[in-house]
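Reader: Before we go through the strands and pockets, please put the model up.

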Amino acid sequence: TTTIDPVFGISEDNGLPNFEGRIAYGMGPLNPVTATRPIVLGVSAVVGQLRTTTTMPVGRVITDVWGIGVDFRVPFSESCGIAGEMFSGQGLGTYNAGVLQNINRDTLGSLRTSGGWCEFFAYLTPRLHSHSGFGIDDPKNQDVGTSPVAFGRTQNTTIYSNLLWDVNSVFRIGTELAWRDTNYASPLVRNNDGLGFHTQFQWSF
């Protein structure tokens with residue numbers, strides 16, 4: 001996809017879409033509401049290229065996109081367990097990694113990042129469940145633009161807890177409380193943190 005960053009820089013594919021894939025192994029009976037099995041282990045990958053065009057002297061820069069991820073879901077009982085994911089790659093802003101950064105806005109080079117998340121989930125009833133967890137997204141500091149206008153982000157951390165109600169197999173209502181902390185590369189841009197409350201209405205088909 002074409003992406004526009006906070007300073008209105010535009011990056012796009014280099015003539016071909018990214019190639020993505022995931023393979024997973026599930027164990028146990030299928031839950032018809034969540035379409036998941038109790039134990040799931042997965043591996044995913046993406047590869048592609050980004051093309052960024054700007055005024056001279058930089059001009060046009062083509063960079064590689066790649067990433068690999070490992071995800072898991074392990075129950076402790078019929079009603080609770082843990083789930084999470086770990087990833088590493090570069091140019092992954094399109095996939096909400098790299099603190100939403102595909103490239104270094106100063107050099108237009110692809111930005112490397114690693115991170116992951118882990119959560120504890122509990123089903124209070126078959127349709128009412130809660131998820132509480134922690135996530136971190138940690139780009140390579142040397143890949144992040146340091147100029148104030150680049151707004152280069154060096155790390156983002158999140159702590160969250162939610163309550164989700166699957167009214168039926170297609171409709172969900174939820175609320176979430178989350179705290180986020182974002183660090184910036186430039187000493188002229190202040191680090192940012194804050195608490196947020198979210199609501200969710202989801203209709204799947």
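Reader: How many bridges join β3 to β4, and which way do the two strands run?

Author: This is a predicted model. In it, β3 and β4 run antiparallel, and the bridges that join them number 9.

Reader: Which residue of β4 stands opposite I23?

Author: β3 covers 19–27 and β4 covers 39–53. These two strands are joined in antiparallel fashion. The residue in β4 that stands opposite I23 is V43.

Reader: Of the 9 residues of β3, what is the number buried?

Author: A residue counts as buried when its relative accessible area is under 20%. β3 lies largely in the open, because the number of its 9 residues that are buried is 0.

Reader: What volume does the largest pocket have, and which residues lie nearest its centre?

Author: The space in the largest pocket is about 770 Å³. Its lining is made up of 28 residues. Those nearest the centre are F87, Y95, N96, A97 and W117.

Reader: Which element gives the most to the lining of the largest pocket?

Author: Elements that give two or more residues to this lining include β3, β4, β7 (112–123) and β8 (128–139). The element that gives the most, with 4 residues, is β8.

Reader: How do the lining residues of the largest pocket divide by class?

Author: The lining holds 28 residues. By class they are 13 nonpolar, 10 polar and 5 charged.

Reader: Which residues lie nearest the centre of the second largest pocket, and how does its lining divide by class?

Author: The second largest pocket holds about 560 Å³ of space and is lined by 27 residues. Among the elements that each supply at least two of them are β8 and β11 (192–203). Nearest its centre lie W117, E119, H131, L164 and R172. By class, the lining divides into 8 nonpolar, 12 polar and 7 charged.

Reader: Is S130 buried or exposed?

Author: S130 sits in strand β8. The cut-off for buried is under 20% relative accessible area. S130 has a relative accessible area of 18%, so it is buried.

Reader: What does the side chain of S130 reach, and at what distance?

Author: Leaving aside neighbours within four places in sequence, S130 is in contact with F120, F121, A122, S161, N162 and L163. To one of these residues, N162, there is also a link from the S130 side chain. That side chain reaches the backbone oxygen of N162 at 2.7 Å.

Note on methods. Residues are numbered from 1 along each chain as its sequence is written. This is a predicted model: local features need pLDDT of at least 70, side-chain atom pairs count only at pLDDT 80 or more; totals for chains, interfaces and linings use all residues. Side-chain values use heavy atoms; hydrogens and water are left out. On a 1 Å grid over the protein atoms alone, a cavity is a set of points where a 1.4 Å probe fits but cannot get out, and a pocket is an open set with protein on both sides within 12 Å along at least five of seven lines; lining residues have an atom within 4 Å of a point. Grid points are joined across faces, edges and corners, and a volume is the space filled by probe spheres set on the points. Ala, Val, Leu, Ile, Met, Phe, Trp, Tyr, Cys and Pro count as nonpolar, Asp, Glu, Lys and Arg as charged, and the others, Gly among them, as polar. Buried means under 20% relative accessible area, exposed over 50%, partly exposed in between (1.4 Å probe, protein chains only). A polar contact is a pair of N or O atoms within 3.5 Å; within protein, one must be able to donate a hydrogen and the other to accept it, and residues adjacent in sequence count only if both atoms are side-chain atoms. Contact means heavy atoms within 4.5 Å. Two strands pair if DSSP finds at least two bridges between them.
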